[in-house]
Amino acid sequence: MLKWKKFTGDMNQWDSLVNQFDGNYRQCFSWGEYKRELGWDIYRYICTDQDTVKFSVQLFVKRYLFFTAVYIPGGVNGNNGGYCHFIRKLIKSLFRFSLIYVRLDSNYIDSEEVKSFFIENGWFRPSYRINPGISMHHIFKKNDEEIMVDATNKWKYNLRRSKKNDTKIIFDGDIEPLEIIRLSNEMQENKKAYLRDDPKNAIKILHYFGEQVVFAKCIDKEGNIIGFRCALTINDKAWDFYGAIDSNGRKLKTGYLLLFELMNECKNRGIKTFNLGGVDFKNSPGVAKFKVDTGGETVSYTHLRAHETPEHL
């Protein structure tokens, strides 16, 4: 019989469960602690059948008097594509006598079967999406194979140009937080691009993930930092997380070199899947084209919502 229990283990034990179920980095312990600092209440639970863990979930919660908002980023960790028939039972047991709004965006690959599980059990597609629901990823099958073999000719041309410059990529070296902020703000100004997050928050996340971060910075011949890019990792999976270049880096096509070298370094460290994140041609067409032109595979994810009211309890 399946039963929910509060998780009482440590960070390594929790992240092991996330990895076991091929979960998303936003279900990691460190991400939860980062969100706790921002004011969210974090609930971690496991669903067991006798002594075997079948599901795990990290809930992000905010409460306002008789209203409770629950967010499940990445979906429920398990073997059902982010779905768990018993998740609503858990949520209702935690927040009795409250109007509950639940939002879930699964990072498991979308399928008609999983979609039908959600719809048949009272979940709805939201009218407003937090993310595009489509991402791009690369799969590294062999350690000695070349990456980005299917990139467009123009992407490869810009990469070749960037390699000819007198620049150097350094991994996991020190970089001052003020440099991250400077590069981020300058990129936003030059490209008129909207930053998806405050660079100060990115710095906090890098601190929480620590050794799970692969960080690459690019310096010019004078030793000045002209760009950086980093990825978050769980065992053999990596997610492109954050990066920025200044005006000089833009002229030298540093963004191409940074991404190529970051992916290659991740592959050399045993990463099998590198996720480039959301592909949003509507709101970020330039970034979307940059990602798609790398030649990876586009995948779709499930994004749903549910409501619970006190009379259902």
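The questions and answers below concern a predicted model.

Residues are numbered from 1 along each chain as its sequence is written. In this predicted model local features need pLDDT of at least 70, side-chain atom pairs count only at pLDDT 80 or more, totals for chains, interfaces and linings use all residues, and side-chain values use heavy atoms, with hydrogens and water left out.

User: In which sense do strands β2 and β3 pair, and over how many bridges?
Analyst: Helices (H or I, at least four residues) and strands (E, at least two) are DSSP runs, numbered from the N terminus. Two strands pair if DSSP finds at least two bridges between them. Strand β2 covers residues 41-49 and strand β3 covers residues 52-64. Their pairing is antiparallel, over nine bridges.

User: Which residue in the turn of the β2 and β3 hairpin has a positive phi?
Analyst: Arg44 stands opposite Gln58 in β3. The hairpin of β2 and β3 has two residues between the strands. With a positive phi of about 60°, the residue in the turn is Gln50.

User: Which residue in β4 stands opposite Lys62?
Analyst: Strand β4 (residues 67-74) runs antiparallel to β3, and five bridges join them. In their hairpin, which has two residues between the strands, Leu65 takes a positive phi near 50°. Opposite Lys62 in β4 stands Ala69.

User: Which residues form a nonpolar surface patch with Tyr64?
Analyst: Tyr64 lies in strand β3 and is partly exposed at 47% relative accessible area, where buried means under 20%, exposed over 50% and partly exposed in between (1.4 Å probe, protein chains only). Patches are made of residues with over 30% relative accessible area and no salt bridge (a side-chain nitrogen of Lys or Arg within 4 Å of a carboxyl oxygen of Asp or Glu); like charges are joined within 9 Å and nonpolar side chains (Val, Leu, Ile, Met, Phe, Trp, Tyr) within 5 Å. Accessible areas come from the Shrake-Rupley method with a 1.4 Å probe, and for residues only the protein chains shown count as cover. The patch has about 270 Å² of accessible area together, and Tyr64 shares it with Phe67 and Leu99.

User: Which residue caps the N-terminal end of helix α1?
Analyst: Helix α1 (residues 11-20) has as its buried residues Trp14, Asp15, Leu17, Val18 and Asn19. Their cover includes β9 (225-234) and β10 (237-245). At the N-terminal end, a side-chain oxygen lies 3.3 Å from the backbone nitrogen of Asn12, and the capping residue is Asp10.

User: In β10, what is the bridge partner of Leu232?
Analyst: β10 is mostly covered, with eight of its nine residues buried. β9 and β10 pair in the antiparallel sense over eight bridges, whereas β10 and strand β11 (residues 273-278) run parallel, joined by three bridges. The partner of Leu232 in β10 is Trp239.

User: Is Arg88 buried or exposed?
Analyst: Arg88 lies in helix α3 (residues 87-94). A polar atom of its side chain lies 2.5 Å from the backbone oxygen of Asn121. The relative accessibility of Arg88 is 18%, so this residue counts as buried.

User: Which residues does Asn190 contact, leaving aside neighbours within four places in sequence?
Analyst: Asn190 is in helix α6 (residues 177-191) and is partly exposed, at 31% relative accessible area. The C-alpha atoms of Asn190 and Asp174 are separated by 25 Å. Contact means heavy atoms within 4.5 Å. The residues in contact with Asn190 are Asp246, Ser247 and Arg250.

Methods. Polar contact = N/O pair within 3.5 Å; in protein donor to acceptor, adjacent residues only side chain to side chain.
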